[in-house]
Amino acid sequence: VKPMDSQTTNTASLDPVLTTVIANRIDGAVREMSNTLLRAARSGCIAVARDFSCALVTADNRLLSSAEGLPVHVFGSHLQTQAMTSLHKDIREGDAFLHNDPYLGNTHSADQTVLVPIFIDGVHMFTACAKAHQADIGNSIPTTYHAGARDVYEEGAVIFPCVRLQRDYETIDDVVRIGKRRIRVPEQWYGDLLAAIGSARIGERRMKELCAKYGADVIRRFIEDWFDYSERRAAQAIRELPAADVENEGHHDAIPPILTEPVRIHVKLHFDPAGGRISVDLRDNVDCLPCGLNESEACAMNNALTGVFNCLDATIPHNAGSFRRIEVLLRDGCAVGKPKFPHSASVATTNFGERIISIVQGAFAKLGIGFGLAEGANSHGPAAGVISGTDFRRRGAPYVNQMIIMANGGPAGPIADGWVTYGGPVGNGLQYRDSIELDEVMYPLIFSHAKVAPGSGGAGRRRGGPAQDVAYGPRRDSMTVVYVCDNTAHAPKGAHGGHSGRCAENTLLRKDGSAEVLPGLATVVLEPGEFIRSIEASGGGYGNPIEREAERVLLDVIDGFETVDRARELYGVVLTGQLHDGTLAVDGEATAKSRKHLVPRRRA
Amino acid sequence: MSYRISVDTGGTFTDVVVSDGTGASVIGKALTTPQRAFEGLSAAIRVAAESMEISFDTLLAQTDVLIYGTTRATNAIVEGKIAKTAFLATQGFADILLYREGGRIGVHEFTRDFPRPYIPRNRTYEVRERIDAEGAVVTPLDETELRGVIRQLATLSYEAVAVCLLWSVSNPRHEVRVGELLTEMLPGVPFTLSHQLLPIMREYRRASATAIDASLKPLMQEHLNGMERELRASGFKGQLLVSTSIGGCLEAGAVAARPIHTVKSGPAMAPVAGRVYSTAEEYGGDVIVCDTGGTTFDVGLVRGGEVVHSRDTWLGAMYTGHLIATSSVDVRSIGAGGGSIAWIDSGGLLKVGPHSAGAVPGPACYGRGGTDATVTDAALVLGYLDPANFLGGRMKLDQAAAHRAVTAIGEKLGQTTTAAAWAIMKVADELMIGAIHDITVAEGFNPQESAIVAGGGAAGLNALSIARELGIGRVILPSAAAALSASGMQYADIVTEESASRITRTNDFDFAGVNRLLDELRERQQAIVASFKGAFRDAKLSYYLEARYVGQVWELTVALPMSHFEGAQDIAALIEAFHQTHERVYAVRDPFGVIECLNWRVRAAVDIARPLPTRATATAYTPQPQRRRPCHFGPDGTVDTPIFDAAALEPGAVIAGPAIIEEPTTTAVIYPGDSAAVSASRNYLLKPTTGSAHQ
């Protein structure tokens, strides 16, 4: 149903200049929404780590613009606005809605979205969406990722199934009271909610100005033109791929006790260059599991799309127009698809979801050298853990927040090495990284180190991003750390002869100097003097390491990403001189000889 | 007669502006000589002296102030010619400069390598020590190990050392001690301690500024000393000042001790110039200052008579370049200018830039082998440029080549050549409008309340169409548009600024601590001012606070209405000033929110400006054009357009569009319905029509 089409009076296409102008203005409005949310928010995961996204959706629920938002957040915004338009028949100007219901199109309960319907001359024309990952959502344990939750009841999140938050621009205090009663550190939550409302209202203001300037009819015409243009761009990129049906699979780690076996995740891609279409089939996967790892509909779809777009021209606009060329097939009641209530999707944005992205990239790589990407790290251990406790410096005030100081080496591709601050397939390098000092002033903790683990990136003609080695602990009182970490048994895979990345390893460092290896899923209570340490996973390599330019290998050693030994053993590059006096250099002759010798040993 | 000389050493040209006591000024231009900057500088001064009909020696001998702006620091960084610098970090945190603060531009971008740190990892050394957030020593400084590291630095002939330890802002003891040992064991090797350069929280920002500063010290000390020596040898007896990124100038010795302030100092001067022109023309204190060159479009802001500053200035790309982090004039750059190349993407949409044809091969019309259509080619096709009279006739343009290049774009768009040229101009406008949007609207400023000051060689082509799109009614195109930065230096204050951290909250305010800190900062600023030679000792002090609601992470800068806190009414005034700023920028205020005060700043500005030219009123008259040629104006079609030579225009001239005014270094396009007037100070005052969308 496209109610707007009937209102469109002018059906001739706009000229290309006007299309460019309006597209820029709309992207500018979304950037401004994002800036507002980032700078005005209270919790570290929004204000420091940028775990939020803004979007504008048409009144008939098609994603129009998401600027630089996290794909996992915004690609499904239209499902949320759809919930708004179908649940509320009395929408009017001045309304705002609060929506974090994963069974109604949201990603997972921690991602609260403020939706503001935008009216132009009394007609609902757009919806502004400001979605942010909350520091807490009232779960039964202090984490927004409750992997062990058998169902939504055990998860315990306060779910707002698209409820009215404002009427006539006034906040409905009933909703705020519900949140404040059930969410830990209520003032922080309220501050973040205010920031999200401000952000969505900025979007409203700008779209009203835009329509006043150009006229609503021109904007309606623009929307159709822009979707058509975006669709052409996607179709064009797909036409450059070979025709193929490709299957690929991988495994999420077993994380006892909730997953006693690894979970196989499977994708089937159909490439139809003649028709300019791709389909991603996620239906051949296990049914919903009695834990919090199930994918919501939005996450399954978004992550499949992210995997596809990561392998196409990055400048294609990502909106309902380009989405027309990519079909994602999901199944009701599937763990990697549409969750069946009351199965929990508490951790839908990361674990299974990130595997989908990597496995789709791997499927593209199967088209041949030059296509696709290796797999990137998705180990969300203590560096992405949720910490909680009380702060002795603030008269014992409670705190809870997600740490976002993971690096998670990125996947290598045909052109570039893996990104160092990749953060995981969902963050895709967009998220900011916590400041050590800021974390230490905001929470009563201290870091012992945060550095690159040398020799960790998957070797390849292009190298995977290196792992980070990081540890922190509480200062005067105990601190609880909750995390659910993949990649401790199944490392990110390489492609076309590139090596796999390393596995993640999480340990508890006791006061007596002993270390205890922690499981993939953990709720750890740290005492003062103890540290929790994570050596994260690293990205997979792409192409054979002995084809890597010797100069790149030399730089890797200088930069601390690689070691002299690995340069020789994996890359066949022999170095002379010393690292610290600047005399390190490639021994060309010895390298040529060494590489000849390595050829028979090259991995498949 | 006493003169003042300002010098802007750019990548290609060195611009010189010489003014006398009456406010009259002369411009000189010469090629920059990167090997020996003094040659280019003296050549440009000679050009100015010639047009003043005095000798170079006389001019220099009678100059009381010379303000020198240099891109030496920026260029050294871009070209990797900085000093061999060691970076000393707290043990366990050697990768601060690598990780930065995360984030990147480009959601699905997998074709770029991760950028290397400012100082390579093999030149980074760890120091065993640790201080916590409240300043307590967790791990004492291991001096034995540190001495070993410093001995190694001596052996390896390091030329500079940057020191950034965690929490040196809450307790500088360890950094101070590292400094003492460096002085003792590496005499003569310059170093920078992070808590002295930039005492703010967030280790990456502090470390990045510290590393950049230290790495420039040997080079800039030598450069500035050398410049001063040569000027003295040529008979200059006045005061040498150097322009800084803070939008002011400082004594050469002070700059050599903090060379980071010269990074990006050139673009920082354009907003200073913009403020002066707007004041002189009585256009008010809210100004958008644009500088359009061949490859980039820079935009900065003046608000309420003050140049807007930011701590988020990056060398290179945002997030992945190197953060300067000291408070600098907020200038945003995008890749759009006269040389920007037009192309069609795979969906059939016209794009302009960010690639530029540069100076070689340059736009197709330069006839140096370029075949891509650029903004300059489009302007030529539309008739805005005279192929025989470009750059005052010094360069002939190849009209046929421009036509061929633009036609190729038109064919792909299914449009005529003229329509394609118009489209290229409009898309270029849009890029610049987007940049202005991001620095104004997105920061809570309404551009419609501002005037535009447009500088740079390509500024006049679209200043009016941009203003019209943004709903801005007043545009100044200075006659010295092509030397905007050098003009700005003529009016720069001597500015010094210092900040310090004191964290306190408005519901439990540390009156004594804050007052003591502000007193200290003020005394230090006054001491710096007192050390100035000559008559420049009358400082205006301004006070700023970086604050946020408790629980927020990002600070807002608030200009403080007071310099001392007495009681509840001062706190109430502080709270209200913060609420207002927050509401303007983020559309909401938290009326019950407690405000956390973090960094306090005191700025001393010594006004050394010459009196502004008095604003005489010119008698309005309608000048006669020198010639006519057909120009195309989109929906208004092709019009036989009057062309005016700048030299033939007198103050008071009023010109109705369509019209073209040809200056030797820039061309002003007056679109149909727009108008231009020549002011008494010989600036062009442009007025767009309102209401017409001109698409």
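1. Strand β32 of chain B, residues 659–662, is covered on both faces in this predicted model. On one side B:Ala659 and B:Ile661 are buried, and on the other B:Ile660 and B:Glu662 are buried. In a regular strand the side chains alternate between the two faces of the sheet. The glutamate among these four residues, B:Glu662, is also a bridge partner: B:Asp645 pairs with it from β30(B).

2. Two pairings of β32(B) run in opposite senses. With β30 of chain B (residues 638–645), the strand runs parallel over three bridges. With β33 of chain B (residues 667–670), it runs antiparallel over four bridges. In the latter pairing B:Ile661 is opposite B:Ala668. A hairpin of four residues makes the connection from β32(B) to β33(B).

3. Confidence should be read alongside these details. The model has an ipTM of 0.92 and a pTM of 0.91. Chain B has a mean pLDDT of 90, with 96% of its residues at 70 or more. Residues 691–695 of chain B are an exception to note, with pLDDT below 50. This stretch nevertheless has 16 contacts in the model beyond near neighbours in sequence.

4. The largest nonpolar core holds 295 residues. The members that touch the most others are A:Val114, B:Leu66, B:Tyr384, B:Ile424, B:Phe565 and B:Trp600. Helix α13 of chain B, residues 417–439, gives the most to this core, with 13 residues. Leaving aside residues up to four places away in sequence, B:Ile424 touches B:Ala342, B:Leu350, B:Val352, B:Ala373, B:Thr374, B:Val375, B:Ala378, B:Val406 and B:Ile409. Another core, of 63 residues, lies apart from the largest one and includes A:Leu63, A:Leu115, A:Ala298 and A:Ile359.

5. Chain A has an open sheet of seven strands with antiparallel pairing, in the order β2-β1-β5-β4-β3-β6-β7. The edges are β2 (63–65) and β7 of chain A; each has a single partner strand, so one side of each has no neighbour in the sheet. Strand β1 of chain A (residues 52–58) is joined to β2(A) by two bridges in the antiparallel sense. The bridge partner of A:Val57 in β2(A) is A:Leu63, a residue that also belongs to the 63-residue core.

6. Two helices of chain A pack on this seven-stranded sheet. Helix α2 (residues 16–40) touches β1, β2 and β5 (123–133) of chain A, and its direction makes about 145° with that of β1(A). Helix α9 (residues 216–239) touches β1, β2, β4 (111–120) and β5 of chain A, and its direction makes about 55° with that of β5(A).

7. Helix α7 of chain A (residues 173–182) has A:Val175, A:Val176 and A:Gly179 buried. These residues lie on the same side of α7(A), because they cover an arc of only 95° around the axis. The buried residues of α7(A) pack against β3 (96–99), β6 (163–167), β7 (170–171) and α8 (186–214) of chain A. Of these elements, β3, β6 and β7 are strands of the seven-stranded sheet.

8. A second open sheet in chain A has four strands, ordered β13-β12-β16-β19, with antiparallel pairing. Its edge strands are β13 (397–402) and β19 (521–526) of chain A; each has a single partner strand, so one side of each is left without a neighbour in the sheet. The average twist from one strand to the next is 10°. Strand β12 of chain A (residues 386–391) pairs with β13(A) over six antiparallel bridges. Across this pairing, A:Val386 has A:Gln402 as its bridge partner.

9. Two loop aspartates deserve a look. A:Asp90 is in the loop between α5 (77–87) and β3 of chain A. A:Asp90 is partly exposed, at 39% relative accessible area. Beyond residues up to four places away in sequence, A:Asp90 touches A:Asp95, A:Arg164 and A:Arg167. B:Asp132 is in the loop between β7 (130–131) and β8 (137–139) of chain B. With a relative accessible area of 8%, B:Asp132 is buried. The contacts of B:Asp132 reach both chains: A:Ile446 and A:Arg475 in chain A, and B:Val138, B:Trp167 and B:Ser170 in chain B, with residues up to four places away in sequence not counted.

How values were computed. Residues numbered from 1 in each chain as written. Chains lettered and ligands numbered in written order. Predicted model: local features only at pLDDT ≥ 70, side-chain atom pairs only at ≥ 80, totals over all residues. Heavy atoms only, no water. Core = buried A, V, L, I, M, F, W, Y, C linked by side-chain atoms within 4.5 Å. Buried < 20%, exposed > 50% of the residue type's maximum accessible area, 1.4 Å probe, protein only. Contact = heavy atoms within 4.5 Å. pLDDT = per-residue confidence, 0-100. Pairing = 2+ DSSP bridges. Axes fitted to C-alpha atoms, helices over the stretch in contact; angles between N-to-C directions. Arc of directions from axis to C-beta.
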